Amino acid sequence: MVENHTVCTIFQGRAGDHNDLAIPAAKSFGNALASCLGQRPTVIGTPKPALNAGWREELDAAMPDLHAVQQHFAAVFASGAVSVAATSRCAVSLATLPALAQHYPDACLVWFDAHADLNTPASSTSGFLGGLALAGPLGLWDTGLGSGIRMEQVVLVGQRDLDPFEVNLIEQHNISSLPPGEDLPDRLRKAVAGRAVYVHLDCDVLAPGTVPTDYQPEGGLTLAELTACCEVLACSSLIGIEIAELQNAWQPEGPPVSPEKLVAALMPLLK
């Protein structure tokens, strides 16, 4: 639950984008969140066309805006405010999570995602920057943005599209991993165990067709199941939430999709 004042952030820079649909979605979603919370959002970064390139080129292009958002998050965490952010793509977590580790070294990181994003540049078969987004803050590769998150802090939720490298890593380090299922809220409550939480929500954790995302792997959570998980997390102190991988349309030239139903699903955690 939100106990302190809230700072809303909208990220508008590059972050390994495959297309140009997440930046306007972050703007729309972030403004909707800010309106619900009675806040004026801070905007970080300037929209630029997607490169759709390999991880090294994407990271180099994104680095100025990632440094800026990292400095902003560090100031937010230092102030004791709750951070509510629309971060466009998972790769923004390369910057936000090291700032979290610096100021909340014992936080429980709840990572909602169809993927684990635990690949390294050496293990990745796609070269997609977003697929490396959690591995960097865990110190599995040098991003240039720092690390500091520990394996025991992570609770993976909703994963169903994992590479063999990630499966082995989860097993080797006994990382909490909660696949979709009817008892997910109860399993989540036990895994969090009353700790203060920071939530990462990649929207492809939801079932295909729920909201527009870059990936649509089979299975996933309904909005009602997401709300039930938010109700569980609301029993803990909320450090912040970052929402990524929401797109503003189903197709590049399609009509904009309202973010309101996703905002409503998250409200138990924010009110």
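This passage describes strand S4 and the surroundings of Tyr215 in a predicted model.

Strand S4 comprises residues 108-112, and 5 of its 5 residues are buried, so the strand is largely enclosed by the rest of the structure. In a regular strand, side chains alternate between the two faces of the sheet. In S4, Cys108, Val110 and Phe112 point one way, whereas Leu109 and Trp111 point the other way. The residues on both sides are buried.

Two pairings of S4 were identified. With S7, the strand pairs in the parallel sense over 5 bridges. With strand S5, which spans residues 154-157, S4 likewise pairs in the parallel sense, here over 4 bridges. Val110 takes part in both pairings: this residue stands opposite Val199 in S7, and its bridge partner in S5 is Val155.

Strand S7 (197-202) also delimits the loop in which Tyr215 is found; helix H6 (223-233) lies at the other end of that loop. Tyr215 has a relative accessibility of 31% and therefore counts as partly exposed, the range for this class lying between the 20% and 50% cut-offs. When neighbours within four places in sequence are left aside, Tyr215 is in contact with His18, His115, Phe128 and Asp204. Thr42, by comparison, is separated from Tyr215 by 28 Å in space, C-alpha to C-alpha, and the two residues are 173 residues apart in sequence.

Conventions:
Residues numbered from 1 in each chain as written. Predicted model: local features only at pLDDT ≥ 70, side-chain atom pairs only at ≥ 80, totals over all residues. Heavy atoms only, no water. Buried < 20%, exposed > 50% of the residue type's maximum accessible area, 1.4 Å probe, protein only. Contact = heavy atoms within 4.5 Å. Pairing = 2+ DSSP bridges.
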